[in-house]
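I am opening a notebook on a structure that is new to me, and I want to work through it one look-up at a time. The entries follow below the display.

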Amino acid sequence: MAPLPGAELVQRPLQLYRYLLRCCRQLPTKGIQEHYKHAVRQSFRVHSDEDNPERIRQIIKRAIEDADWIMNKYKKQN
């Protein structure tokens, strides 16, 4: 299960970036939202020089799985 509709359409890094920031808006408090936005931005910068298409697909898949886990974590707490 994807955290937000449209996860299956994410195929490029910029799409992933926007998708993850939209996920952050769904989190319960402003502090948590800012924490994960910062993490998304940092990760995007770290991987910005990646040019291997297979590795990019792996990163996208893992990022969506991680977002799903985080969204479920906060959903259960509320």
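**Entry 1: a residue in H1**

I began with Leu20, which I found in helix H1, and I kept in mind throughout that this is a predicted model. I asked myself whether Leu20 is buried or exposed. Its relative accessibility comes to 12%, and because buried means under 20%, Leu20 counts as buried.

I then looked up what surrounds Leu20, and, leaving aside its neighbours within four places in sequence, I found contacts with Val40, Ala63 and Ala67. I also noted the spacing to Ala7, which is 13 residues apart from Leu20 along the chain, with 9.5 Å separating the two C-alpha atoms.

**Entry 2: helix H2**

I turned next to helix H2, which runs over residues 30–46 and has 17 residues. From its first C-alpha to its last, H2 reaches 24 Å, which is close to the 24 Å expected at 1.5 Å a residue. Which residues of H2 are buried? My list holds Ile32, Gln33, Tyr36, Lys37 and Val40. They lie on the same side of H2, because the arc they cover around the axis is only 130°.

On the face of H2 turned away from that buried side I noted the exposed residues Lys30, Gly31, Arg45 and Val46. I also looked up what covers the buried residues of H2, and the cover includes helix H1 (13–25) and helix H3 (53–77).

**Entry 3: Gln33 and Leu27**

I picked out Gln33, a residue of helix H2, for a separate look. Gln33 has a relative accessible area of 12%, so it is buried. When residues up to four places away in sequence are not counted, Gln33 touches Cys24, Arg25 and Leu27.

That led me to Leu27, and I asked which residues Leu27 is in contact with once its neighbours within four places in sequence are left aside. I wrote down Ile32, Gln33, Tyr36, Ile70, Met71 and Tyr74.

**Entry 4: the largest nonpolar core**

My last look-up was the largest nonpolar core, which has 21 residues. Those that touch the most other members are Leu16, Tyr19, Leu20, Leu27, Tyr36 and Ile64, and I was glad to meet Leu20 and Leu27 again in that list. The elements giving two or more residues to this core are H1, H2 and H3. Which of the elements gives the most to this core? I found that H3 does, with eight residues.

Technical notes:
Residues numbered from 1 in each chain as written. Predicted model: local features only at pLDDT ≥ 70, side-chain atom pairs only at ≥ 80, totals over all residues. Heavy atoms only, no water. Helix = DSSP H or I, 4+ residues; strand = E, 2+ residues; numbered from the N terminus. Expected span 1.5 Å × (residues − 1). Buried < 20%, exposed > 50% of the residue type's maximum accessible area, 1.4 Å probe, protein only. Arc of directions from axis to C-beta. Contact = heavy atoms within 4.5 Å. Core = buried A, V, L, I, M, F, W, Y, C linked by side-chain atoms within 4.5 Å.
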